[in-house]
Amino acid sequence: MTTQDEISAEIAERHKAYVADGVEHDHAARDFAPYRSSLLRHPRQPPILVDDPDAAELHGPVFGVTDVHPLDADLTRRHAGRPLGELITVTGRILDRYGRPVRGQLVEIWQANAAGRYAHPGDDHPAPLDPNFTGVGRCLTDADGVYRFTTIRPGAYPWRNHDNAWRPAHIHFSLFGTAFTQRLVSQMYFPGDPLLPYDPVFNAVLDERARTRLIAAYDHGLSSPEWSLGYRWDIVLDGPAATWAETR
Ligand SMILES: [Fe+2]
């Protein structure tokens with residue numbers, strides 16, 4: 001199996017080539033070899049233009065404001081007891097390229113529990129499940145474009161990209177847009193995580209500044225005494241300060 005040193009060398013080579021190329025990319029590399037499965041699943045053909053893109057809306061999910069309950073944003077109060085782990089508040093604003101708030105936006109998150117295990121049948125990592133934590137939440141942004149979640153800090157987890165591969169702690173985010181075809185998916189990371197330099201998924205974003213924008217800021221003013229720690233992560237939908245999103 002490929003070693004971490006070999007993966008790290010491949011990452012360094014791609015980052016070096018990106019800088020040498022001098023052309024800014026607003027997207028992650030689609031065929032980023034250190035992230036092995038991206039080689040198999042990135043599109044090899046140009047996108048197909050469809051005659052009637054609105055037809056997708058007839059088959060996509062729909063929601064209304066009454067479908068989203070305020071408690072959906074608190075992942076720590078979905079079961080009889082409190083989940084294990086470090087309680088955190090995650091909040092930020094969703095902005096367009098001009099810094100205007102995006103209001104009423106459906107924001108969905110999913111994440112591993114404090115031990116690094118997803119409550120999902122596909123996760124066979126032998127870390128314990130937490131009966132008090134499912135790891136999914138959603139909310140709508142308010143009039144200032146603000147979303148806010150209460151959850152626990154997810155643990156790092158192993159994956160089989162290469163020998164001794166571990167994902168840094170992260171929370172998956174989805175923004176619905178105004179139609180399902182606009183949906184954006186990204187990941188939020190935690191400041192100071194020692195696994196970030198080793199992670200091929202994080203490093204598939206070739207631009208260093210774009211990678212940095214994926215890392216939340218610890219906000220002590222947002223932390224609550226005797227209760228939780230605060231992290232702030234703004235999402236900019238497009239323009240030069242855009243938050244990177246995964247390929248659709
Ligand atoms: Fe994940």
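This report describes an antiparallel sheet, one annotated stretch of the chain and two loop residues in a predicted model.

## The four-stranded sheet

Four strands make up an open sheet, and their order across it is 3-2-7-8, with antiparallel pairing. At its edges lie strand 3, which covers residues 136-140, and strand 8, which covers residues 184-189, and each of these pairs on one side only. On average, neighbouring strands of the sheet are turned by 25° against each other, when direction is ignored. As a general point, the strands of a sheet are paired through backbone hydrogen bonds, in either a parallel or an antiparallel manner.

## Pairings made by strand 7

Strand 7, made of residues 170-175, is joined to strand 8 by six bridges, and the two run antiparallel. Two positions help the reader to find this pairing in the structure: Phe173 has Ser186 of strand 8 as its bridge partner, and His170 stands opposite Tyr189, which also belongs to strand 8.

Strand 7 also pairs with strand 2, which consists of residues 106-110, and here four bridges connect the strands in the antiparallel sense. Within this pairing, Val107 has Leu175 of strand 7 as its bridge partner.

## The annotated stretch

For residues 90-118, an unreviewed UniProt entry lists a domain under the name "Intradiol ring-cleavage dioxygenases". In the model, the chain over residues 90-118 is 38% strand and 0% helix, while the C-alpha atoms at its two ends are 19 Å apart.

## Two loop residues with positive phi

Which place in the chain does Asn164 occupy? Asn164 is found in the loop that links strand 5 (157-159) and strand 6 (165-167). Its phi angle is near 65°, which is a positive value in a residue other than glycine. Asn164 counts as exposed because 11 other C-beta atoms lie within 10 Å, where the limit for an exposed residue is 12 or fewer.

A positive phi is also found at Glu226, where the angle is near 60°, again in a residue other than glycine. Glu226 sits in the loop between strand 9, residues 217-218, and strand 10, residues 229-232. Is Glu226 buried or exposed? With 4 other C-beta atoms within 10 Å, Glu226 is exposed, since a residue with 12 or fewer such atoms is placed in that class.

Conventions: Residues are numbered from 1 along each chain as its sequence is written. This is a predicted model: local features need pLDDT of at least 70, side-chain atom pairs count only at pLDDT 80 or more; totals for chains, interfaces and linings use all residues. UniProt positions are given in the numbering used here, feature names are shortened, and annotations may be inferred rather than shown by experiment. A residue is buried if 20 or more other C-beta atoms lie within 10 Å of its own, exposed if 12 or fewer, and partly exposed in between; C-beta atoms are placed from the backbone. Two strands pair if DSSP finds at least two bridges between them. Axes are lines fitted to C-alpha atoms, for helices over the stretch in contact, and angles run from 0 to 180 degrees between N-to-C directions.
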